[in-house]
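Here are my notes on the model you sent round. I've kept them as numbered points so you can reply to each in turn.

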Amino acid sequence: MNAHVDGPAPTGLSYGPAGATTPGEAEWGVSAPGFRRFEHSVVIGRGDDAWATVRGAVLEWEIKRRSGFRVLPQGGAGEQVAVGSEYRIVAGWGPVTVHEPVRVVAVVDTSDRCGFAYGTLPGHPVSGEEAFVVHRCADGTVSLTLRSLTRAAPDGLWRRVFPALLLAQWFFRRRYLCALVR
């Protein structure tokens, strides 16, 4: 797939178009002018038991939770991701608490690929999309792929501190990539 990220944001999202991280596709051919593109994969296990364990974990936000975030369903959303569901992701360091409003924009759940992408809503510290996908190969290797497209928030304090947010993003990406390793 060779998508191009531009055009109007879907209703409520702070970027557009939704689904640009293509979690259902093994190859990510997105062109994203104005966004910082990130993709990295790590092996997290092998075999059917590893697959069954991480498959459930990824769909219930365990990567974020094991990385130090609280994930709060909003407006009737459940613990398991579903397209259109909204969440407030919360991180706290001492007296500072950061709230990240997001919406699930894509979900994949097949026999060898499972995961989702969420997009940022107004008030999120950055603008863009992030995807967490677990997948397995024919030899039983189970891997996690993290994909993200990020740019500064459209306005406000978060836009002014975007360089500091890039450092925090680097830190948390490292935690995400280790979150499901057994």
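**Notes on the fold, the odd backbone spots and the pocket**

1. P17 sits in the segment before β1 (36-46), strands here being DSSP runs of E with at least two residues and helices runs of H or I with at least four, both numbered from the N terminus. The peptide bond leading into P17 from G16 is cis, with omega near -10°. Worth a look when you scroll through that stretch.

2. Before going further, the ground rules. This is a predicted model, so local features need pLDDT of at least 70 and side-chain atom pairs count only at pLDDT 80 or more, while totals for chains, interfaces and linings use all residues. Residues are numbered from 1 along each chain as its sequence is written, and side-chain values use heavy atoms, with hydrogens and water left out.

3. T22 also lies in the segment before β1. Its phi is near 35°, a positive value in a residue other than glycine. Is T22 buried or exposed? It is buried, at 7% relative accessible area (buried is under 20%, exposed over 50%, partly exposed in between, with a 1.4 Å probe and protein chains only).

4. W61 is another non-glycine residue with positive phi, near 70°. You'll find W61 in the loop between α1 (47-59) and α2 (62-66). W61 is buried too, with a relative accessible area of 1%.

5. On overall layout, the chain has four helices and seven strands. Read from the N terminus, the order is β-α-α-β-β-β-β-β-β-α-α. The C-alpha trace spans about 50 × 40 × 35 Å along its principal axes. The radius of gyration is 16 Å, which agrees with the value near 16 Å for a compact globule of 182 residues (taken over C-alpha atoms; the rule is 2.2 Å times the number of residues to the power 0.38).

6. Buried residues make up 48% of the 182 in the chain. Of the contacts (heavy atoms within 4.5 Å) with a separation of 6 or more, 56% are between residues 24 or more positions apart. The chain exposes about 8,700 Å², and carbon and sulfur atoms supply 54% of that (Shrake-Rupley method, 1.4 Å probe; for residues, only the protein chains shown count as cover).

7. H40, in strand β1, gives a nice example of a long-range link. Which residues does H40 touch, leaving aside its neighbours within four places in sequence? L144, T145, L146 and L177. H40 and L177 are 137 residues apart along the chain, with their C-alpha atoms separated by 8.3 Å. H40 is partly exposed, with a relative accessible area of 38%.

8. Now the pocket. The largest one has a volume of about 380 Å³. Its lining has 23 residues, and the closest to the pocket centre are E100, H124, V126, L165 and Q169. (A pocket is an open set of points on a 1 Å grid over the protein atoms alone, where a 1.4 Å probe fits, with protein on both sides within 12 Å along at least five of seven lines; lining residues have an atom within 4 Å of a point. Points are joined across faces, edges and corners, and the volume is the space filled by probe spheres set on them.)

9. Who builds that lining? β4 (96-109), β5 (113-120), β6 (126-136), β7 (141-152) and α4 (162-178) each supply at least two residues, and α4 gives the most, with six. By class, the lining has twelve nonpolar, six polar and five charged residues (nonpolar: Ala, Val, Leu, Ile, Met, Phe, Trp, Tyr, Cys and Pro; charged: Asp, Glu, Lys and Arg; polar: the others, Gly among them).
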